[in-house]
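Reader: Hi, I'm new to this and would love a close look at a single part of this structure. Could you pick one piece and walk me through what surrounds it?

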Amino acid sequence: FKRVRVSEIAAHLGFVAKSEGINAEKEALHLIAEKSDGAIRDSLSLFDRLISFSDKKLTYQNVIEHLNILDYEYYFKITDALLKNDIYYLLNLYNEILENGFDGHHFINGLANHLRDLLVSKDESTISLLDRGDSLQNRYLDQSKVCELHFLLAALNLCNECDVQYKTTNNQRLLVELTLMRISSIDFDNKQKKNSKSFIVSINDAKREV
């Protein structure tokens, strides 16, 4: 059996919501569709469970709270900070994510997925692989324009390294923080390194710390 596309599941959930007089945000339905992993039956079960808490109004915020999902907004903010080499903002934002109950492994895998979606957004031949809701897709398209291809490829590789090392490292928080520092250093050349506001962590430096 072929997996059903997220957009197709979201459209079906939209039909069900309309039939039952439920006011559901498109991004909420799209998120439910993503979490059903290509199975319409699972999406309907999840939809019914969430509706039981929502009093016939389903919002994106309801879904991320009940399913304990890290908001996409964090990944857009993290990526902006990575591109600006704003290391102190990155550390504070990552700390906020941890304080909200998400673990570093969940975060780094989510960041990798975000970077992957930015990568496929950069070319017309792969943009069909970005299976997101309309408003979210537009945000990916906008952010992908300021991300160079080599930055995305290098950042994905660093996220993968972090993923592999996460369960065996003695300091998981430090591993993720160093990964963020290394990613934020990708696009800073020697001239920018002289800027006192820039915070550069080389690959070799990071590997010695973890």
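Author: **A close look at H105 and its helix**

Let's start with one residue: H105 is buried, because its relative accessible area is 15%, and the cut-off for buried is under 20%. Keep in mind that this is a predicted model. So who are the neighbours? If you skip residues within four places in sequence, H105 is in contact with D163, Y166 and K167.

Now zoom out a little. H105 is part of helix α7, which runs over residues 104-120 and so has 17 residues. From the first C-alpha to the last, α7 reaches 24 Å, close to the 24 Å you'd expect at 1.5 Å a residue.

The start of this helix has a nice detail. D103 caps the N-terminal end of α7, with a side-chain oxygen sitting 3.1 Å from the backbone nitrogen of H105. That puts H105 in the story twice: its backbone nitrogen takes part in the cap, and the residue itself is buried.

H105 has plenty of company, too. Twelve of the 17 residues of α7 are buried, so the helix is largely enclosed by the rest of the structure. Among them are G104, F107, I108, L111, L115 and V120, and the list also includes H114 and D117. What does the covering? The cover over the buried residues of α7 includes α5 (72-84), α6 (87-99), α8 (134-144), α9 (149-165) and α10 (172-184).

Key. Residues are numbered from 1 along each chain as its sequence is written. This is a predicted model: local features need pLDDT of at least 70, side-chain atom pairs count only at pLDDT 80 or more; totals for chains, interfaces and linings use all residues. Side-chain values use heavy atoms; hydrogens and water are left out. Helices (H or I, at least four residues) and strands (E, at least two) are DSSP runs, numbered from the N terminus. The expected span of a helix is 1.5 Å times one less than its number of residues. Buried means under 20% relative accessible area, exposed over 50%, partly exposed in between (1.4 Å probe, protein chains only). Contact means heavy atoms within 4.5 Å. A polar contact is a pair of N or O atoms within 3.5 Å; within protein, one must be able to donate a hydrogen and the other to accept it, and residues adjacent in sequence count only if both atoms are side-chain atoms.
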